[in-house]
Amino acid sequence: MALLRITSPHTHRAGRRTSWVMQMVILATLPGLLVQTWLFGYGTLINLFIACATALISEAFILKLRRRPIGFFLADYSALLTAVLLALALPPTVPWWLTVTAVAFSVIFAKQVYGGLGNNPFNPAMVGYAICLVSFPVPMTQWIGASELIQAGATPTFSDSLAAIFGTLPTVDSYTMATPLDAFKHKDGLMSSEAFSSILGLQSANLSSWMWVNVAYLLGGLALIWLRIITWHTPISMLAALAVMAGVFYAIDPSNAATPVFHLTTGAAMLGAFFIATDPVSSCTSNRGKLFYGAGIGILIYVIRSWGGYPDGVAFAVLLMNFAAPLIDYYTQPRTYGHKKAKKGLAGGDK
Amino acid sequence: MQTPAVYSFHGGIHPPENKAQSLNLPLGSPRLPDELILPLGQHIGQPSRPLVEVGSRVLKGEAIAINNGFLSSFLHAPTSGTIHAIEKRVVAHPSGLSDTCIVIQPDGNDQWIELEPLDNWQDVSKTDVLAFLAEKGIVGMGGAGFPTQVKLQGAHKHPLTHFIINAAECEPYITADDMLIREKTLELILGIEMLQHLVNADNVVIGIEDNKPTAIASLQQLIRERQSSIQVAVVPTKYPSGGEKQLIKLLTDKEVPSGQYPADIGILCQNVGTCVAAYEAIQYGRPLISRFTTLTGDAFKAPQNVEVLLGTPISHLLKYADLNEKHLSRLVMGGPMMGFTLDTPEAPVVKTTNCILAASTKELPPPAPEQACIRCGMCEQACPAGLLPQQLLWFSKSQEHEKAEHYNLFDCIECGACSYVCPSSIPLVQYYRHAKAEIRDARESAVKSDIAKQRFEARKARQEAEAAEKEAKRLARQNAASAKPAAKKPTKEAPKAAPEPAVANDDAKKAKIDLAIAKAKLKKLEKSLLEAQEKEHTEEINALQIQVDETQKDISELERKVAAAPNATPTKKASPTGMSDEAKKAKVDVALASSKLKKVQKQLVDDPDNQELKDKAAGFEADLKTAQALLDKLGGEAKAAPSKAKTALSEDAKKAKVDMALASSKLKKVQKQLAEDCDNDELKAKAAEFEKALKEAEMRFAACSGESASAAQKSDKPVMSDEYKKAKVDVALANTKLKKVQKQLAEDPQNTELQGKTVEFKKVLKEAEARLAALEAPSLQSKEATPAVKNTVDTNSDAQRKLKIDIAIANAAVKKAEKALAKAQTLQSEDIDSLEQQVAKAKAHAQSLEQTMKNGSQSANTAPLDSVTDDKAAEHKEQLKKQKVTTALAKAQVNKLKRQLDAEPNSEQLQKDLASAEQAHQAEAAKLEQLTNTQENR
Amino acid sequence: MLTVLLAIAILVVLALVFGAILGYANVRFHVEGDPIVDQIDAILPQTQCGQCGHPGCRPYAEAISNGEAINRCPPGGQATVQALADLLDVEALPLDGGEEEPVSKVAVIREDECIGCTKCIQACPIDAILGAAKQMHTVIADECTGCDLCVEPCPVDCIDMVEVGVTSRTWSWEKPQGVGAQPVNIIATDRQVEAAH
């Protein structure tokens, strides 16, 4: 009989380990992954495999350099989750080396250099995405179009996707076209109504495929909320802020702005709201803080989409709000039992 | 009966309840264990003070420990029996450390003490009832063990709006309160009503979780029957709704302000167990000696609730509930959420033990390794105190205590909800506990260092003030000195006269300062030398040794200078100072040599084979001897000095005494070493040597005191009485030592070493007594001699009176000796012979004193006629006294040898020694007799 | 020419105005800063033990403010060195003379060996020893800082430095070992097995 001396509590909630949380988030991306594959071909799947392999290898490599137990940390699935989110965000035709660069950068520089899981101030996936978007804007903004609208007339086959990713497909242009957001951004002085009728990327077929993608992510996100892995605060406040911004500006100037529905159903709106912005490590902690944080992201997304240099702004909006997260945390501490008011700031600051 | 409103609190968790298994069996009552272990600190606050001694018999319900201050409690014997021990035992504490416990060996009769209930509790003042509860040892039985009377007293601070009875029992597994409500419903309700009366509460609510339908039903039925105003609030099952603060929030929607008590917002909370205990105390006079405890967990074959006596070892309960030892992996006292693990089942049940959870590995698997915090926020959702556990973890980990406090670390109730939900298996509560303890420690040490600083500064200020005062006095003296000649002599000469001593003084001062510096340097050097020796840096040792020697040379030179400086001054007071300075120097040498010797010996103990060290030790011993000799010589000179060297003399005596103490401490050390290493001949030799040294020192001391006595004869009574006092102190010291050893001996009668020590101490005691007796004699003589020849009649009567007192003292000594003898006989000590001798001697002494008194009264008549004869008589008596001491010593030697011979009957050497010692003793005795005769003839 | 003069005049006027404002602010918002010696002194453990070579903590604080090394305080341990380094913004040196962390100790006089020489009383920097000439002395344990300055002067070697042990009242949970470690502290040995039988 060996008796253990352990601090209380002696019992723990069964099953809900960090690795389980990560697995569930990965599983919740399945609807989105399937819809993307169905609509845009196998490129996303191939990217996924490349990304996962890269993530595991680079994580193991850096853990070895840091002399940390490799198996223990790989088993938490956090590197895989980063890889999956990046693979979903990258265009299906993106060259393999770009995926590798993005994933390796996010795992090594955005996460491990800061001390590994739990210590990264920025969302690793979005750091990798933003680095590639800034460095290689052309491949990062090419996206497969809806099959009715593109020259090829059908989604790329598996071999074509593979060939596109490894740079051996000369006819890649026949599959790609501007995304709705990209197209809307470059409507060049056209009225909104004119743009929607004339520009290829804004045809209803393309819009509906993007809508399906977003609906799929919404479903996955709702499942996460139902599993209590994430709370509703961040995604709802982010989507609400985006919708309100879009609504306000649409009401002011309907001829130049797009509808709130357009903004909510295109680009990475839902992926960002439920999977990117809710990354717990780099976001705010208290429920009130999450509301501010999500709203900030929503507003920034609209700002970047409308007046920025890039068609979509989820990555930049999330990174910018990551900067602000500690500040928000300081000022949104919950009220502790027995205290009349919630405390603010840090000790030694404003007491 | 209206249903009270139930509110909610933030957070909380729903762990599996696991309450059914311990409710299958009825309430059990284990038989008496073999011993009951009652820790003195079963409650919050100061540990109780034991009222009983080991071996005394107690009855069931008898108070065995009393409260120790305001926040403390009584403790009672849970059964009748004898106090087996009061000692450190492992107690129920997460640390697994031991604490003082009273251990009772039950006699099996379970005989109650006569109980005195407080029948008229409604009429007597409430303070008296509270005091009664305190005397019955009632403390909060929910978890913390807060003394109930203190809590009830606190409730009078504010008018009570709510009196809440905590029956929530939210922790999984535990059903003790559930069982208590079922078994003692009436007692509970009556107890609540008593407390309600005590605290003047109108609104009484029992808070109970909805997972105890049977208990709720019986409560409600009884309340209906009695038409009581007590309300039952059924709260939804959620951990930790039984936490005091959480229950208050649940039932009143009020929050206890941070750092305050419920009483501060007019709320009082009591556990059901406490109510029942209070009822039984008041109604039947029963103190708190048992409690309901749940025995549960997969390792038990028969999990159940038991009513168990406090102090019952948990191992006894494990056996009672049929523990399957193979399955036991974790033994928890309390529930799985807030209980603590026990290292050993030997720990006893205390007043706050509500559950013993003997869990299998399957039930409570060992915690998974800690993973990184991903700030998922599940802990925040679960925290019932509304904290940000993940931020607190961050600050606790990085020791940012200020920030942790800012994030309200001290509002954490350590309920464990955060750790329960943490997906990364982080032991959050342990981090918080550690951080809290660190913060508390830091606060305490800050307070302590503040106090130290204040005291240091106060001391500095005091020293400065003293120095300033001295300086002022010196200046005043100087002024007075210079003023006198100025007054007498013509003014011209005054300025000449003044500077001369000033210059001399300056010189002396400078020399003194130099000396002090040199000494400090020497000390430092010696320290580094010692260090070097410890680290075995040979080169350094040599270099340092040279330096030390040089410095010592410097010092002696400087000392000479210092000694010379005052000599050179025109005032001729110098010689005694110079003498004492020299003596001091000699003393310093002795001390140095002895300290060196000690150090070397210490090293030698560590490394007995080191020849070099042995040589060194021998060298140091030689040094010590020469230094001692010098000192002795100086002492002799001091004696011979023409000045009336009483101070020097008494200093000498003091020195001798210090030497004696040194020698005895050395001796003791060696003996201690010897005890560890009995066969070490070298050590034995050393011990013998030290003994010799000690004896020498003692002799010297005796001689000194003799001298001082003779000096004192002429002038000084106080010195005499000083010596006398000293001797008395020695006797007392020897006595205490002896007693101590005897006590040890009682514990360990087989220890021959201790026996030896006892004998030795007895000898020391005897010697000291002899010395005392010896001192008494001259003191009488001196007293006789002092008052000159003038007021003869007065003096004589004075002397007579003194003599009488002395005789009384001597008689007391005789009695004492006889008593000691009787004791020795009962103890069958080997020392009977010597004690008998002692008695005889003391009697002789008393007789001689009586004789002296007769003589004194005779001589009183002759004294005025011839003072010269008187002087001679004094001298003679002095001699006589010396002779007595010598005889006593010789006798002691004989005794010692005899004893050794007893131990080693075949030792020829010893026999020879004994014979010679006996001879010596006889010779001395003869001399003594002769002297006594001469004196009597005179 | 006029423009140049005008420019100079304007600049001079501006300088005067801003100078006045700054001067006023300096007086008005003057902060009575804690002198650095006090701050250092507050960090030192106040054992007054003199192991740094100075007669007390305050003199050492003064010496540090004059540039002495910050690692001369054994009773404070590495924690004090770190705190001083943070305060003074210098590099934290390893503790002078060994790595071992300070253990809190108190002096205890073996009372029946005490000869009442008062030497320890004079040595105690914080007056924590009680006694008089030829009377037995004793240490006020609560006030003792464990500086061991009284040990050496004792002629009969009757002062021991006793470690202040951990009791169940001062015990606390140790810090968990961190990520990757199992939060199990001690696995009880066979001793308990025997006890259980």
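**Figure 1. Four strands of chain B line up in an open, parallel sheet.** In this predicted model, the strands of the sheet follow the order 10-9-8-11. At the edges sit strand 10 (231–235) and strand 11 (267–271) of chain B, each pairing on one side only. If you compare neighbouring strands, they are turned by 25 degrees against each other on average, direction ignored.

**Figure 2. Strand 8 of chain B is joined to strand 9 and to strand 11.** Let us zoom in on the pairing. Strand 8 (residues 162–166) runs parallel to strand 9 (residues 204–209) of chain B, and four bridges join them. With strand 11 of chain B, strand 8 pairs over five bridges, again in the parallel sense. Which residue of strand 9 is the bridge partner of Phe163(B)? Look for Val204(B). Ile164(B) is a nice residue to follow: its bridge partner in strand 9 of chain B is Val205(B), and its bridge partner in strand 11 of chain B is Cys269(B).

**Figure 3. The residues of strand 8 of chain B point two ways, and all are buried.** In a regular strand the side chains alternate between the two faces of the sheet. Here you can trace the two directions residue by residue. His162(B), Ile164(B) and Asn166(B) point one way from the strand, while Phe163(B) and Ile165(B) point the other way. How many of the five residues of strand 8 of chain B are buried? The count is five of five, and the strand is described as mostly covered.

**Figure 4. Helix 5 and helix 6 of chain B meet the strands of the sheet.** Helix 5 (residues 213–226) packs on the sheet and touches strand 9 and strand 10 of chain B. The direction of helix 5 makes about 160 degrees with that of strand 10. Helix 6 (residues 244–252) of chain B lies across strand 8, strand 9, strand 10 and strand 11. Against strand 8 of chain B, helix 6 runs at about 125 degrees.

**Figure 5. Four cysteines of chain B share a UniProt "binding site" annotation.** The unreviewed UniProt entry lists Cys383(B), Cys412(B), Cys415(B) and Cys418(B). These residues are spread over 36 residues of sequence, yet they cluster in space, with a largest C-alpha distance of 10.5 Å. Find Cys383(B) in the loop between helix 9 (378–382) and helix 10 (389–397) of chain B. Cys383(B) counts as buried because it has 28 C-beta neighbours inside 10 Å. Residues that Cys383(B) touches include Gly11(B) and Cys418(B). Cys415(B) sits in the loop between helix 11 (401–406) and helix 12 (417–421) of chain B. Is Cys415(B) buried or exposed? With 28 other C-beta atoms within 10 Å, Cys415(B) is buried. Among the residues touched by Cys415(B) are Met337(B), Met338(B) and Pro384(B).

**Figure 6. Chain C has four cysteines with a UniProt "binding site" annotation.** According to the unreviewed UniProt entry, the annotation covers Cys49(C), Cys52(C), Cys57(C) and Cys73(C). Despite a spread over 25 residues of sequence, they cluster in space, and the largest C-alpha distance is 9.2 Å. Cys49(C) lies in the loop between helix 2 (36–43) and helix 3 (57–65) of chain C. Cys73(C) is found in the loop between helix 3 and helix 4 (77–88) of chain C. Why is Cys49(C) called partly exposed? It has 19 other C-beta atoms within 10 Å, and a residue is buried if that number is 20 or more. Cys73(C) has 26 such atoms, so Cys73(C) is buried. Cys49(C) touches Pro75(C), Cys147(C) and Leu149(C), whereas the contacts of Cys73(C) include Cys52(C), Tyr60(C) and Thr80(C).

**Figure 7. Chain A meets chain B.** Here 36 residues of chain A are in contact with 56 residues of chain B. Strand 1 (4–5) and helix 1 (18–28) of chain A each supply at least two residues of the side that touches chain B. Helix 1 of chain A gives the most, with three residues. That side of chain A has 14 nonpolar, 15 polar and seven charged residues.

**Figure 8. Some stretches of chain B have a pLDDT below 50.** The mean pLDDT of chain B is 76, and 63% of its residues reach 70 or more. Over residues 566–579 of chain B the pLDDT is below 50, and this stretch has 24 contacts in the model beyond near neighbours in sequence. Residues 708–719 of chain B also stay under 50, with 28 contacts beyond four places in sequence. Where pLDDT is low, the predicted coordinates should not be read in detail.

Methods: Residues numbered from 1 in each chain as written. Chains lettered and ligands numbered in written order. Predicted model: local features only at pLDDT ≥ 70, side-chain atom pairs only at ≥ 80, totals over all residues. UniProt positions renumbered as here; feature names shortened; annotations may be inferred. Buried ≥ 20, exposed ≤ 12 C-beta atoms within 10 Å, placed from the backbone. Contact = placed C-beta atoms within 7 Å. Pairing = 2+ DSSP bridges. Axes fitted to C-alpha atoms, helices over the stretch in contact; angles between N-to-C directions. pLDDT = per-residue confidence, 0-100. Nonpolar A, V, L, I, M, F, W, Y, C, P; charged D, E, K, R; others polar.
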